[in-house]
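Grab your viewer and a notepad: here are a few exercises on how a protein meets its DNA. Try each task before you read the solution.

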There are 2 protein chains.
Amino acid sequence: MGTESAPLQTRNSLVEAAIHLFGHRGFGQTSTRELAARAGTNIASIAYHFGGKAGLHAASAREVAARIGAVLGSPENISPTNPTEAAAQLEAMLRRFVAFLVAAPEAPDIAAFMLRELTDPGEVADLIYAEFLEPRHRMLCQLWGVATGRSPESEEVKLAVFAMLGQVLYFRIGQPYVLRRIGWAGIGPDEAGRIADLLSANLHAMIERHRT
Amino acid sequence: MGTESAPLQTRNSLVEAAIHLFGHRGFGQTSTRELAARAGTNIASIAYHFGGKAGLHAASAREVAARIGAVLGSPENISPTNPTEAAAQLEAMLRRFVAFLVAAPEAPDIAAFMLRELTDPGEVADLIYAEFLEPRHRMLCQLWGVATGRSPESEEVKLAVFAMLGQVLYFRIGQPYVLRRIGWAGIGPDEAGRIADLLSANLHAMIERHRT
DNA sequence: TGATTTCAATCAAACGATTGATTAACCTGT
DNA sequence: ACAGGTTAATCAATCGTTTGATTGAAATCA
(Lines give C-alpha, C1' and ligand atoms only; values in the text may rest on other atoms or scores of the structure.)
Protein backbone atom coordinates (compact mmCIF):
# COMPACT_ATOMS: atom_id res chain seq x y z
CA MET A 1 0.00 0.00 0.00
CA GLY A 2 1.32 3.38 0.96
CA THR A 3 4.75 2.09 1.91
CA GLU A 4 7.53 3.99 0.26
CA SER A 5 10.12 2.32 -1.88
CA ALA A 6 13.12 1.13 0.10
CA PRO A 7 15.68 3.68 -1.13
CA LEU A 8 13.32 6.60 -0.50
CA GLN A 9 12.59 5.21 2.93
CA THR A 10 16.28 5.27 3.82
CA ARG A 11 16.68 8.78 2.46
CA ASN A 12 13.75 10.13 4.45
CA SER A 13 14.80 8.36 7.62
CA LEU A 14 18.22 9.94 7.36
CA VAL A 15 16.80 13.42 6.77
CA GLU A 16 14.43 13.03 9.70
CA ALA A 17 17.22 11.86 11.98
CA ALA A 18 19.44 14.69 10.75
CA ILE A 19 16.84 17.39 11.44
CA HIS A 20 16.46 16.08 14.96
CA LEU A 21 20.11 15.55 15.81
CA PHE A 22 21.57 18.56 13.98
CA GLY A 23 18.90 20.73 15.56
CA HIS A 24 19.26 19.53 19.12
CA ARG A 25 22.94 18.69 19.32
CA GLY A 26 24.47 20.75 16.53
CA PHE A 27 26.32 19.73 13.39
CA GLY A 28 29.70 19.27 15.00
CA GLN A 29 28.44 17.27 17.95
CA THR A 30 26.50 14.84 15.81
CA SER A 31 28.43 11.90 14.40
CA THR A 32 27.57 9.99 11.28
CA ARG A 33 27.23 6.89 13.42
CA GLU A 34 24.54 8.51 15.56
CA LEU A 35 22.71 9.60 12.44
CA ALA A 36 22.81 6.15 10.90
CA ALA A 37 21.74 4.50 14.14
CA ARG A 38 18.73 6.80 14.60
CA ALA A 39 17.75 6.32 10.96
CA GLY A 40 18.11 2.56 11.33
CA THR A 41 20.60 2.23 8.51
CA ASN A 42 24.30 2.02 7.80
CA ILE A 43 26.89 4.78 7.94
CA ALA A 44 27.76 4.36 4.32
CA SER A 45 24.20 5.25 3.31
CA ILE A 46 24.96 8.88 4.13
CA ALA A 47 27.75 9.04 1.60
CA TYR A 48 25.75 7.06 -0.92
CA HIS A 49 22.61 9.22 -0.81
CA PHE A 50 23.97 12.64 0.10
CA GLY A 51 27.66 12.54 -0.72
CA GLY A 52 28.62 12.96 2.91
CA LYS A 53 27.67 14.53 6.21
CA ALA A 54 27.63 18.06 4.76
CA GLY A 55 25.33 16.95 1.95
CA LEU A 56 22.88 15.47 4.42
CA HIS A 57 22.97 18.75 6.31
CA ALA A 58 22.11 20.75 3.21
CA ALA A 59 19.30 18.37 2.27
CA SER A 60 17.88 18.68 5.78
CA ALA A 61 17.98 22.47 5.58
CA ARG A 62 16.01 22.37 2.35
CA GLU A 63 13.43 20.07 3.92
CA VAL A 64 13.06 22.33 6.96
CA ALA A 65 12.61 25.43 4.84
CA ALA A 66 9.93 23.66 2.83
CA ARG A 67 7.98 22.56 5.90
CA ILE A 68 8.00 25.98 7.54
CA GLY A 69 7.00 27.57 4.29
CA ALA A 70 4.03 25.24 4.12
CA VAL A 71 2.88 26.35 7.56
CA LEU A 72 3.23 30.08 7.09
CA GLY A 73 1.63 30.09 3.66
CA SER A 74 2.98 31.68 0.53
CA PRO A 75 4.01 35.32 0.88
CA GLU A 76 1.96 36.56 -2.04
CA ASN A 77 -1.68 36.17 -1.05
CA ILE A 78 -2.16 39.29 1.01
CA SER A 79 -4.77 41.92 0.35
CA PRO A 80 -4.56 44.72 2.87
CA THR A 81 -7.27 47.26 2.17
CA ASN A 82 -7.76 49.20 5.39
CA PRO A 83 -5.86 49.50 8.68
CA THR A 84 -8.36 47.41 10.62
CA GLU A 85 -8.19 44.52 8.20
CA ALA A 86 -4.41 44.73 7.99
CA ALA A 87 -4.19 44.51 11.78
CA ALA A 88 -6.54 41.53 11.73
CA GLN A 89 -4.38 39.78 9.13
CA LEU A 90 -1.30 40.49 11.22
CA GLU A 91 -2.96 38.96 14.25
CA ALA A 92 -4.03 35.91 12.26
CA MET A 93 -0.48 35.33 11.03
CA LEU A 94 0.90 35.89 14.48
CA ARG A 95 -1.44 33.29 15.94
CA ARG A 96 -0.61 30.81 13.21
CA PHE A 97 3.08 31.37 13.81
CA VAL A 98 2.76 30.94 17.57
CA ALA A 99 0.66 27.80 17.24
CA PHE A 100 3.24 26.19 15.00
CA LEU A 101 6.42 27.37 16.66
CA VAL A 102 5.36 26.83 20.23
CA ALA A 103 3.00 23.89 20.34
CA ALA A 104 3.01 21.94 17.07
CA PRO A 105 4.16 18.35 17.71
CA GLU A 106 6.70 18.41 14.89
CA ALA A 107 7.88 21.91 15.79
CA PRO A 108 10.65 21.17 18.31
CA ASP A 109 12.85 19.49 15.74
CA ILE A 110 12.08 21.96 12.97
CA ALA A 111 12.48 25.00 15.18
CA ALA A 112 15.66 23.74 16.78
CA PHE A 113 17.17 23.12 13.36
CA MET A 114 16.19 26.53 12.07
CA LEU A 115 17.51 28.29 15.14
CA ARG A 116 20.79 26.46 14.77
CA GLU A 117 21.05 27.74 11.21
CA LEU A 118 20.22 31.28 12.27
CA THR A 119 22.87 31.22 14.97
CA ASP A 120 25.66 29.46 13.11
CA PRO A 121 27.21 31.33 10.22
CA GLY A 122 26.53 28.37 7.96
CA GLU A 123 26.44 28.33 4.20
CA VAL A 124 22.71 27.74 4.11
CA ALA A 125 22.11 30.95 6.08
CA ASP A 126 22.19 32.99 2.88
CA LEU A 127 19.60 30.76 1.31
CA ILE A 128 17.36 30.96 4.36
CA TYR A 129 17.53 34.72 4.33
CA ALA A 130 16.98 35.27 0.63
CA GLU A 131 14.35 32.63 0.01
CA PHE A 132 12.50 32.66 3.28
CA LEU A 133 13.13 35.39 5.81
CA GLU A 134 13.36 38.42 3.56
CA PRO A 135 10.18 37.96 1.48
CA ARG A 136 8.15 37.10 4.57
CA HIS A 137 9.49 40.04 6.52
CA ARG A 138 8.69 42.27 3.57
CA MET A 139 5.12 41.03 3.54
CA LEU A 140 4.72 41.68 7.26
CA CYS A 141 6.10 45.19 6.76
CA GLN A 142 3.49 45.73 4.07
CA LEU A 143 0.71 44.78 6.48
CA TRP A 144 2.27 46.77 9.30
CA GLY A 145 2.53 49.80 7.08
CA VAL A 146 -1.15 49.66 6.19
CA ALA A 147 -2.15 49.03 9.79
CA THR A 148 -0.20 52.00 11.14
CA GLY A 149 -0.37 54.32 8.17
CA ARG A 150 3.39 54.46 7.80
CA SER A 151 5.72 53.72 4.91
CA PRO A 152 6.07 49.91 4.68
CA GLU A 153 9.79 50.04 3.91
CA SER A 154 10.71 52.63 6.51
CA GLU A 155 13.34 51.78 9.08
CA GLU A 156 10.83 52.21 11.87
CA VAL A 157 8.42 49.65 10.43
CA LYS A 158 11.16 47.14 9.71
CA LEU A 159 12.41 47.35 13.28
CA ALA A 160 8.91 47.02 14.69
CA VAL A 161 8.27 43.85 12.69
CA PHE A 162 11.57 42.37 13.85
CA ALA A 163 10.62 43.16 17.44
CA MET A 164 7.30 41.43 17.02
CA LEU A 165 8.93 38.33 15.58
CA GLY A 166 11.43 38.36 18.42
CA GLN A 167 8.62 38.02 20.93
CA VAL A 168 7.40 34.84 19.29
CA LEU A 169 10.83 33.34 18.77
CA TYR A 170 11.80 33.65 22.40
CA PHE A 171 8.96 31.40 23.47
CA ARG A 172 10.65 28.73 21.41
CA ILE A 173 14.28 29.46 22.27
CA GLY A 174 13.68 29.96 25.95
CA GLN A 175 10.86 27.48 26.26
CA PRO A 176 12.54 25.36 28.95
CA TYR A 177 13.07 28.47 31.04
CA VAL A 178 9.54 29.71 30.47
CA LEU A 179 8.13 26.36 31.57
CA ARG A 180 10.29 26.31 34.65
CA ARG A 181 9.54 29.88 35.66
CA ILE A 182 5.79 29.65 35.23
CA GLY A 183 5.47 26.10 36.43
CA TRP A 184 3.90 24.59 33.36
CA ALA A 185 4.51 20.93 32.63
CA GLY A 186 4.50 21.61 28.91
CA ILE A 187 2.97 23.82 26.27
CA GLY A 188 -0.20 22.43 24.77
CA PRO A 189 -2.86 24.18 22.66
CA ASP A 190 -4.06 25.67 25.90
CA GLU A 191 -0.90 27.40 27.00
CA ALA A 192 -0.08 28.31 23.40
CA GLY A 193 -3.45 30.03 23.21
CA ARG A 194 -2.71 32.15 26.22
CA ILE A 195 0.69 33.10 24.82
CA ALA A 196 -0.97 34.01 21.54
CA ASP A 197 -3.53 36.12 23.38
CA LEU A 198 -0.82 38.05 25.14
CA LEU A 199 1.22 38.60 22.00
CA SER A 200 -1.88 39.66 20.09
CA ALA A 201 -2.63 42.21 22.78
CA ASN A 202 0.95 43.46 22.51
CA LEU A 203 0.60 43.60 18.74
CA HIS A 204 -2.45 45.83 18.87
CA ALA A 205 -0.88 47.98 21.59
CA MET A 206 2.20 48.48 19.42
CA ILE A 207 0.15 49.23 16.33
CA GLU A 208 -1.91 51.84 18.16
CA ARG A 209 1.22 53.40 19.58
CA HIS A 210 2.88 53.67 16.18
CA ARG A 211 -0.18 54.98 14.42
CA THR A 212 0.36 58.62 13.49
CA MET B 1 53.07 47.51 37.25
CA GLY B 2 49.56 46.24 36.72
CA THR B 3 50.69 43.09 34.94
CA GLU B 4 49.02 39.95 36.17
CA SER B 5 50.95 37.03 37.50
CA ALA B 6 51.81 34.47 34.85
CA PRO B 7 49.43 31.67 35.91
CA LEU B 8 46.48 34.07 36.15
CA GLN B 9 47.40 35.45 32.76
CA THR B 10 47.20 31.98 31.24
CA ARG B 11 43.90 31.24 32.95
CA ASN B 12 42.32 34.46 31.73
CA SER B 13 43.62 34.02 28.20
CA LEU B 14 42.07 30.58 28.06
CA VAL B 15 38.73 31.80 29.39
CA GLU B 16 38.70 34.67 26.92
CA ALA B 17 39.51 32.37 24.02
CA ALA B 18 36.89 29.91 25.22
CA ILE B 19 34.14 32.52 25.43
CA HIS B 20 34.90 33.58 21.88
CA LEU B 21 35.29 30.15 20.30
CA PHE B 22 32.59 28.32 22.24
CA GLY B 23 30.20 31.18 21.56
CA HIS B 24 30.85 31.50 17.85
CA ARG B 25 31.64 27.94 16.84
CA GLY B 26 30.02 25.88 19.57
CA PHE B 27 31.49 23.52 22.14
CA GLY B 28 31.69 20.48 19.90
CA GLN B 29 33.22 22.29 16.96
CA THR B 30 35.96 23.88 19.02
CA SER B 31 39.08 21.80 19.58
CA THR B 32 41.40 22.11 22.54
CA ARG B 33 44.19 22.88 20.10
CA GLU B 34 42.31 25.87 18.73
CA LEU B 35 41.68 27.09 22.25
CA ALA B 36 45.31 26.78 23.25
CA ALA B 37 46.49 28.44 20.07
CA ARG B 38 44.17 31.43 20.50
CA ALA B 39 45.16 31.76 24.15
CA GLY B 40 48.83 31.55 23.21
CA THR B 41 49.53 28.64 25.51
CA ASN B 42 49.91 24.89 25.54
CA ILE B 43 47.13 22.31 25.21
CA ALA B 44 48.00 20.78 28.54
CA SER B 45 47.22 24.06 30.28
CA ILE B 46 43.51 23.35 29.82
CA ALA B 47 43.66 20.14 31.78
CA TYR B 48 46.00 21.67 34.33
CA HIS B 49 43.92 24.75 35.11
CA PHE B 50 40.40 23.54 34.48
CA GLY B 51 40.54 19.77 34.59
CA GLY B 52 39.61 19.48 30.93
CA LYS B 53 37.62 21.00 28.10
CA ALA B 54 34.36 20.71 30.04
CA GLY B 55 35.89 22.47 33.04
CA LEU B 56 37.03 25.35 30.87
CA HIS B 57 33.52 25.53 29.48
CA ALA B 58 32.01 25.79 32.96
CA ALA B 59 34.52 28.42 34.03
CA SER B 60 33.72 30.46 30.92
CA ALA B 61 30.01 30.23 31.69
CA ARG B 62 30.61 31.57 35.17
CA GLU B 63 32.65 34.44 33.78
CA VAL B 64 29.96 35.31 31.24
CA ALA B 65 27.24 35.27 33.89
CA ALA B 66 29.33 37.57 36.07
CA ARG B 67 29.92 40.09 33.28
CA ILE B 68 26.28 40.26 32.26
CA GLY B 69 25.29 40.54 35.88
CA ALA B 70 27.62 43.52 36.23
CA VAL B 71 25.88 45.24 33.34
CA LEU B 72 22.33 44.61 34.48
CA GLY B 73 23.02 45.50 38.08
CA SER B 74 22.29 43.40 41.11
CA PRO B 75 18.70 42.21 41.40
CA GLU B 76 18.21 43.61 44.91
CA ASN B 77 18.43 47.36 44.58
CA ILE B 78 14.99 48.15 43.30
CA SER B 79 12.57 50.49 44.95
CA PRO B 80 9.32 50.66 43.02
CA THR B 81 7.00 53.08 44.76
CA ASN B 82 4.44 54.11 42.15
CA PRO B 83 3.51 52.87 38.67
CA THR B 84 5.15 55.79 36.90
CA GLU B 85 8.46 55.28 38.63
CA ALA B 86 8.31 51.51 38.09
CA ALA B 87 7.76 52.06 34.39
CA ALA B 88 10.67 54.47 34.31
CA GLN B 89 12.92 51.92 36.01
CA LEU B 90 11.82 49.28 33.53
CA GLU B 91 12.68 51.57 30.65
CA ALA B 92 16.07 52.35 32.16
CA MET B 93 16.91 48.66 32.52
CA LEU B 94 15.64 47.97 29.02
CA ARG B 95 17.87 50.66 27.56
CA ARG B 96 20.86 49.43 29.52
CA PHE B 97 20.20 45.90 28.32
CA VAL B 98 19.85 46.96 24.70
CA ALA B 99 22.97 49.11 24.80
CA PHE B 100 25.01 46.21 26.12
CA LEU B 101 23.53 43.37 24.14
CA VAL B 102 23.37 45.11 20.80
CA ALA B 103 26.23 47.57 20.59
CA ALA B 104 28.78 47.01 23.37
CA PRO B 105 32.18 46.13 21.87
CA GLU B 106 32.62 43.08 24.08
CA ALA B 107 29.02 41.99 23.60
CA PRO B 108 29.30 39.77 20.52
CA ASP B 109 31.40 37.18 22.31
CA ILE B 110 29.42 37.35 25.54
CA ALA B 111 26.06 37.28 23.82
CA ALA B 112 27.05 34.49 21.47
CA PHE B 113 28.20 32.38 24.38
CA MET B 114 25.06 33.00 26.38
CA LEU B 115 22.82 32.21 23.45
CA ARG B 116 24.66 28.98 22.88
CA GLU B 117 24.01 28.04 26.48
CA LEU B 118 20.35 28.92 26.22
CA THR B 119 19.96 26.82 23.10
CA ASP B 120 22.00 23.80 24.11
CA PRO B 121 20.65 21.67 26.93
CA GLY B 122 24.02 21.88 28.66
CA GLU B 123 24.82 21.20 32.27
CA VAL B 124 25.48 24.86 32.99
CA ALA B 125 21.96 25.72 31.85
CA ASP B 126 20.64 24.93 35.30
CA LEU B 127 23.18 27.22 36.90
CA ILE B 128 22.38 30.02 34.47
CA TYR B 129 18.71 29.71 35.21
CA ALA B 130 18.94 29.49 38.97
CA GLU B 131 21.66 32.05 39.57
CA PHE B 132 20.96 34.51 36.83
CA LEU B 133 17.79 34.28 34.80
CA GLU B 134 15.29 33.48 37.51
CA PRO B 135 16.17 36.20 40.06
CA ARG B 136 16.37 38.84 37.36
CA HIS B 137 13.14 37.78 35.77
CA ARG B 138 11.54 37.89 39.20
CA MET B 139 12.80 41.44 39.71
CA LEU B 140 11.42 42.53 36.34
CA CYS B 141 8.08 40.96 37.23
CA GLN B 142 8.09 42.96 40.45
CA LEU B 143 8.55 46.18 38.52
CA TRP B 144 6.03 45.15 35.89
CA GLY B 145 3.51 44.35 38.57
CA VAL B 146 3.83 47.78 40.14
CA ALA B 147 3.75 49.47 36.76
CA THR B 148 0.57 47.73 35.66
CA GLY B 149 -1.11 47.21 39.00
CA ARG B 150 -1.21 43.46 38.60
CA SER B 151 0.10 40.63 40.74
CA PRO B 152 3.88 40.37 40.15
CA GLU B 153 3.89 36.58 40.15
CA SER B 154 0.84 36.08 37.99
CA GLU B 155 1.16 34.05 34.82
CA GLU B 156 0.17 37.05 32.74
CA VAL B 157 2.97 39.23 34.12
CA LYS B 158 5.57 36.50 33.75
CA LEU B 159 4.66 35.97 30.11
CA ALA B 160 4.70 39.70 29.42
CA VAL B 161 8.20 40.05 30.84
CA PHE B 162 9.40 37.11 28.77
CA ALA B 163 7.93 38.71 25.67
CA MET B 164 9.70 41.97 26.40
CA LEU B 165 13.03 40.20 26.84
CA GLY B 166 12.42 38.32 23.62
CA GLN B 167 12.25 41.59 21.72
CA VAL B 168 15.70 42.57 22.89
CA LEU B 169 17.26 39.18 22.39
CA TYR B 170 16.24 38.94 18.77
CA PHE B 171 18.22 42.01 17.86
CA ARG B 172 21.26 40.04 18.98
CA ILE B 173 20.35 36.64 17.57
CA GLY B 174 19.14 37.92 14.24
CA GLN B 175 21.51 40.85 14.03
CA PRO B 176 23.05 39.81 10.70
CA TYR B 177 19.58 39.56 9.21
CA VAL B 178 18.47 42.86 10.69
CA LEU B 179 21.52 44.60 9.26
CA ARG B 180 20.96 43.07 5.87
CA ARG B 181 17.26 43.86 5.75
CA ILE B 182 17.56 47.47 6.87
CA GLY B 183 20.80 48.17 5.07
CA TRP B 184 22.90 49.17 8.06
CA ALA B 185 26.62 48.58 7.91
CA GLY B 186 26.70 47.82 11.62
CA ILE B 187 25.09 48.75 14.89
CA GLY B 188 26.75 51.63 16.69
CA PRO B 189 25.46 53.75 19.58
CA ASP B 190 23.35 55.50 16.98
CA GLU B 191 21.44 52.53 15.68
CA ALA B 192 21.28 50.99 19.14
CA GLY B 193 19.62 54.18 20.35
CA ARG B 194 16.94 53.97 17.71
CA ILE B 195 16.29 50.32 18.59
CA ALA B 196 16.07 51.26 22.26
CA ASP B 197 13.64 54.05 21.40
CA LEU B 198 11.38 51.65 19.57
CA LEU B 199 11.48 49.01 22.28
CA SER B 200 10.85 51.63 24.95
CA ALA B 201 7.80 52.80 23.03
CA ASN B 202 6.64 49.19 22.83
CA LEU B 203 7.27 48.78 26.53
CA HIS B 204 5.05 51.70 27.46
CA ALA B 205 2.42 50.61 24.98
CA MET B 206 2.35 47.14 26.53
CA ILE B 207 2.22 48.53 30.07
CA GLU B 208 -0.68 50.81 29.23
CA ARG B 209 -2.50 47.96 27.56
CA HIS B 210 -2.10 45.66 30.53
CA ARG B 211 -3.01 48.28 33.11
CA THR B 212 -6.32 47.39 34.67
C1' DT C 1 74.39 34.73 52.64
C1' DG C 2 74.83 30.83 49.64
C1' DA C 3 73.48 26.14 48.50
C1' DT C 4 69.70 23.00 48.22
C1' DT C 5 65.04 21.49 48.10
C1' DT C 6 60.30 22.11 46.77
C1' DC C 7 56.58 23.08 43.96
C1' DA C 8 53.43 25.28 40.79
C1' DA C 9 53.46 25.98 35.88
C1' DT C 10 54.46 25.12 31.13
C1' DC C 11 56.12 22.46 27.36
C1' DA C 12 56.73 18.91 23.44
C1' DA C 13 55.40 14.39 22.58
C1' DA C 14 52.54 10.59 22.53
C1' DC C 15 48.24 8.02 24.05
C1' DG C 16 43.87 5.54 23.00
C1' DA C 17 39.47 6.62 21.27
C1' DT C 18 36.54 8.46 17.85
C1' DT C 19 35.75 11.00 13.74
C1' DG C 20 34.07 11.11 8.48
C1' DA C 21 35.05 8.61 4.63
C1' DT C 22 36.01 4.60 1.80
C1' DT C 23 36.23 -0.13 0.24
C1' DA C 24 34.78 -4.63 -1.36
C1' DA C 25 31.68 -8.17 -0.47
C1' DC C 26 26.79 -9.13 -0.25
C1' DC C 27 21.84 -8.88 -0.72
C1' DT C 28 17.44 -8.29 -3.35
C1' DG C 29 14.24 -7.80 -6.79
C1' DT C 30 13.55 -8.14 -11.87
C1' DA D 1 22.63 -12.30 -14.64
C1' DC D 2 22.67 -7.72 -13.26
C1' DA D 3 22.03 -3.09 -11.45
C1' DG D 4 20.66 -0.55 -7.29
C1' DG D 5 21.19 -0.57 -2.22
C1' DT D 6 23.03 -2.13 1.86
C1' DT D 7 26.40 -4.05 4.83
C1' DA D 8 30.69 -4.92 7.84
C1' DA D 9 35.36 -3.85 7.84
C1' DT D 10 38.92 -0.64 7.44
C1' DC D 11 41.30 3.91 6.35
C1' DA D 12 43.89 8.15 7.69
C1' DA D 13 42.99 12.11 10.39
C1' DT D 14 41.75 14.38 14.40
C1' DC D 15 39.82 14.35 18.85
C1' DG D 16 40.56 15.20 24.29
C1' DT D 17 43.66 13.70 27.44
C1' DT D 18 47.93 12.13 29.63
C1' DT D 19 52.78 11.78 30.25
C1' DG D 20 57.53 12.92 31.66
C1' DA D 21 60.84 16.48 31.31
C1' DT D 22 61.93 21.29 32.16
C1' DT D 23 61.55 25.84 33.97
C1' DG D 24 61.92 29.57 37.48
C1' DA D 25 60.80 31.38 41.62
C1' DA D 26 59.81 30.73 46.41
C1' DA D 27 60.99 27.94 50.75
C1' DT D 28 64.30 25.63 53.65
C1' DC D 29 68.41 24.45 54.98
C1' DA D 30 73.53 25.51 56.42
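**Exercise 1. Find the polar contacts to the phosphates of DNA strand D, starting from A:Tyr48.**

Step 1. A polar side-chain atom of A:Tyr48 sits 3.2 Å from a phosphate oxygen of DNA strand D, which counts as a polar contact (a pair of N or O atoms within 3.5 Å).

Step 2. Now look at A:His49: an N or O atom of its side chain is 2.9 Å from a phosphate oxygen of this strand. For A:Thr41, the side-chain distance to a phosphate oxygen is 3.1 Å.

Step 3. Zoom out to the elements giving two or more residues to the surface near DNA strand D: helix 1 (6-25) and helix 3 (44-50) of chain A, plus helix 2 (32-39) and helix 3 (44-50) of chain B. Helices here are DSSP runs of H or I, at least four residues, numbered from the N terminus.

A word on ground rules: this is a predicted model, where local features need pLDDT of at least 70, side-chain atom pairs count only at pLDDT 80 or more, and totals for chains, interfaces and linings use all residues. Residues count from 1 along each chain as its sequence is written, chains are lettered from A and ligands numbered from 1 in the order written, and side-chain values use heavy atoms, with hydrogens and water left out.

**Exercise 2. Describe the surroundings of DNA strand C.**

Step 1. There are 17 residues around DNA strand C, and the closest are A:Thr32, A:Lys53, B:Thr10, B:Tyr48 and B:His49; being near takes a heavy atom within 4 Å.

Step 2. Of the DNA strand C atoms within 4 Å of the protein, 57% are sugar or phosphate.

Step 3. Check the backbone: a polar backbone atom of A:Thr32 is 2.7 Å from a phosphate oxygen of DNA strand C, and a backbone N or O atom of B:Asn42 is 2.8 Å from one. From the side chain of B:Thr41, an N or O atom lies 3.0 Å from a phosphate oxygen.

**Exercise 3. Work out how helix 7 and helix 8 of chain B pack.**

Step 1. Helix 7 (residues 124-148) and helix 8 (residues 155-173) of chain B have axes 9 Å apart, at an angle of about 110°.

Step 2. Because 65 to 115 degrees counts as roughly perpendicular, helix 7 of chain B is roughly perpendicular to helix 8 of chain B.

Methods:
Polar contact = N/O pair within 3.5 Å; in protein donor to acceptor, adjacent residues only side chain to side chain. Axes fitted to C-alpha atoms, helices over the stretch in contact; angles between N-to-C directions. Parallel < 35°, antiparallel > 145°, perpendicular 65-115°, else oblique.
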